[in-house]
Amino acid sequence: MVDDLRSDDGLSGFDGHHHRVSRRFEQERPLADREVPLGHQESEARVLSPLVHAWLDGELPEASVRKGDTARDVEFWKQINVEVETRRRMRTPVFVETKIMNALPQTAPVAISPWWRREFVIRPTYALAVAAALIVAASAVTATLIVTMR
Amino acid sequence: MIADPENSDQMVIQRVLSGNRDAFKILITRYSDPLYRHALCMTGSPDVAEDILQLSFIKAYQHLAEVRGRFDAWVFRIVANGCKDWLKNIRRSHLSYDEDDQPSAYATPDEELDRTELRSDLDRALLTLPASLREAFVMKHVEGRSYEEMADLLGTTVGALKMRVHRAREALQALLEEKYA
């Protein structure tokens, strides 16, 4: 099975801090197959300091972003992180596992490959039989042609 | 990382392929939580998340003989695609995708009482993000994955993913900061 999730969206190689330039690009480009815009427009987004991103990515200690203009952002993201932490502890409802097991096919999974990929075994007897059949068929066609020509 | 080699994913898969259907339960138990969290955060609906999880594991079972490489990465891609397909179908079936059309923020009625306002606001804000940004934010912040792991799972570059996460953060902050900053 091929599960291709390569929805790079043509953004490969772009690094985070230059993304303002690419916004217009983003709006103009066609949507990737599985991309689903849901109402919120990016123009509403605000610019967040690269330092805050670096802190959120674990690249900077909190102390380095706690002062100055970024202090307010840090407070905001600390609230969000508490909330996100509770989500990280969410578990699958117990009944779901049983439900999935009950829904599985009873037979063992088997590899389904197209005929051209399947292994093709030629036995000598089959090869001889096929060769004989071809000779007979060719002889019959030739005989028919000769009879017709006369 | 599975410490017991007898119960490594590969060994479990071999047991299932040789006819031990019940062994598949080990894989479900092992991976359902992170996959469920992903589906839940992507769709915002526990019912939909359960359905996607169920269909994904059935699909994984049927195609188990075709697993090449890591099972967890393979099954993650099935679930992630399931979420994206669901979102795509939702969009197709709702010409105007208003907030009313979206699934309600996830919680059972009992849980609803305990929920903080921030939790439901964050749910709603997440649901307004484009799928690719939401997926990147959820993988980074909720699932706690590294950019390298995300790039490996999604088949894209670390730079592209950083950009998606950054944009998702900025969009979320724009939506929520008036109330919470």
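Which residue of chain A forms a salt bridge with Asp33(B)? In this predicted model, the partner is Arg91(A), and the closest N and O atoms of the two side chains are 2.5 Å apart. Asp33(B) belongs to helix H2 of chain B, while Arg91(A) sits in the loop between helix H3 (71-88) and helix H4 (94-103) of chain A, so this pair joins two chains. The two ends of the bridge differ in how much solvent they see: Asp33(B) is buried at 14% relative accessibility, whereas Arg91(A), at 61%, is exposed.

That bridge belongs to a longer list, since the count over all chains comes to 17 salt bridges. Another entry on the list is the one between Arg66(A) and Glu62(A), with 2.6 Å between the closest N and O atoms. Here both partners fall into the middle class of accessibility: Arg66(A) is partly exposed at 33%, and Glu62(A) is partly exposed too, with a relative accessible area of 27%. The pair doesn't stand alone, either. Glu62(A) and Arg66(A) are linked with Glu75(A) and Lys78(A) in a network of salt bridges.

Over in chain B, the side chains of Lys88(B) and Asp85(B) meet in a salt bridge at 4.0 Å, N to O. Both residues lie in helix H4 of chain B, three residues apart, which is about one turn of the helix. Lys88(B) counts as buried, its relative accessible area being 15%; Asp85(B), at 25%, is partly exposed.

Now for the rings. Over all chains, the structure holds six aromatic pairs. One of them is formed by Phe76(A) and Trp77(A), an edge-to-face arrangement with 5.3 Å from centre to centre and 90 degrees between the planes. Both Phe76(A) and Trp77(A) are buried. A further ring comes in from the other chain: Phe76(A), Trp77(A) and Phe137(B) form one aromatic cluster.

Tyr31(B) and Phe71(B) make up another of the pairs, this one tilted, with the centres 5.9 Å apart and 45 degrees between the planes. Tyr31(B) is in helix H2 (residues 24-43) of chain B and Phe71(B) is in helix H4 (residues 71-93) of chain B, so the pair ties together parts that are 40 residues apart in sequence. Both rings are tucked away from solvent: Tyr31(B) is buried with a relative accessible area of 13%, and Phe71(B) is buried with a value of 2%. Helix H2 of chain B thus turns up twice in this account, because it carries Tyr31(B) of the tilted pair and also Asp33(B) of the bridge that joins two chains.

Charges sit over rings in chain B as well. Lys140(B) lies over the face of Tyr147(B), 4.3 Å from the ring centre. In a similar vein, Arg145(B) has its charged end over the ring of Phe76(B), at 4.9 Å from the centre.

As for chain A as a whole, its secondary structure consists of five helices and zero strands, so to speak an α-α-α-α-α run from the N terminus on. Of its 150 residues, 29% count as buried. Among contacts in chain A with a separation of 6 or more, 26% come from residues 24 or more positions apart. The accessible surface of chain A is about 10,600 Å², and carbon and sulfur atoms account for 62% of that area.

Methods. Residues are numbered from 1 along each chain as its sequence is written. Chains are lettered from A and ligands numbered from 1 in the order in which they are written. This is a predicted model: local features need pLDDT of at least 70, side-chain atom pairs count only at pLDDT 80 or more; totals for chains, interfaces and linings use all residues. Side-chain values use heavy atoms; hydrogens and water are left out. Rings of Phe, Tyr and Trp (its six-membered ring) pair if their centres lie within 6.5 Å; planes under 30 degrees apart count as stacked, over 60 as edge-to-face and the rest as tilted. Buried means under 20% relative accessible area, exposed over 50%, partly exposed in between (1.4 Å probe, protein chains only). Helices (H or I, at least four residues) and strands (E, at least two) are DSSP runs, numbered from the N terminus. A charge sits over a ring if NZ of Lys or CZ of Arg is within 6 Å of the ring centre and within 35 degrees of the ring normal. Contact means heavy atoms within 4.5 Å. Accessible areas come from the Shrake-Rupley method with a 1.4 Å probe; for residues, only the protein chains shown count as cover.
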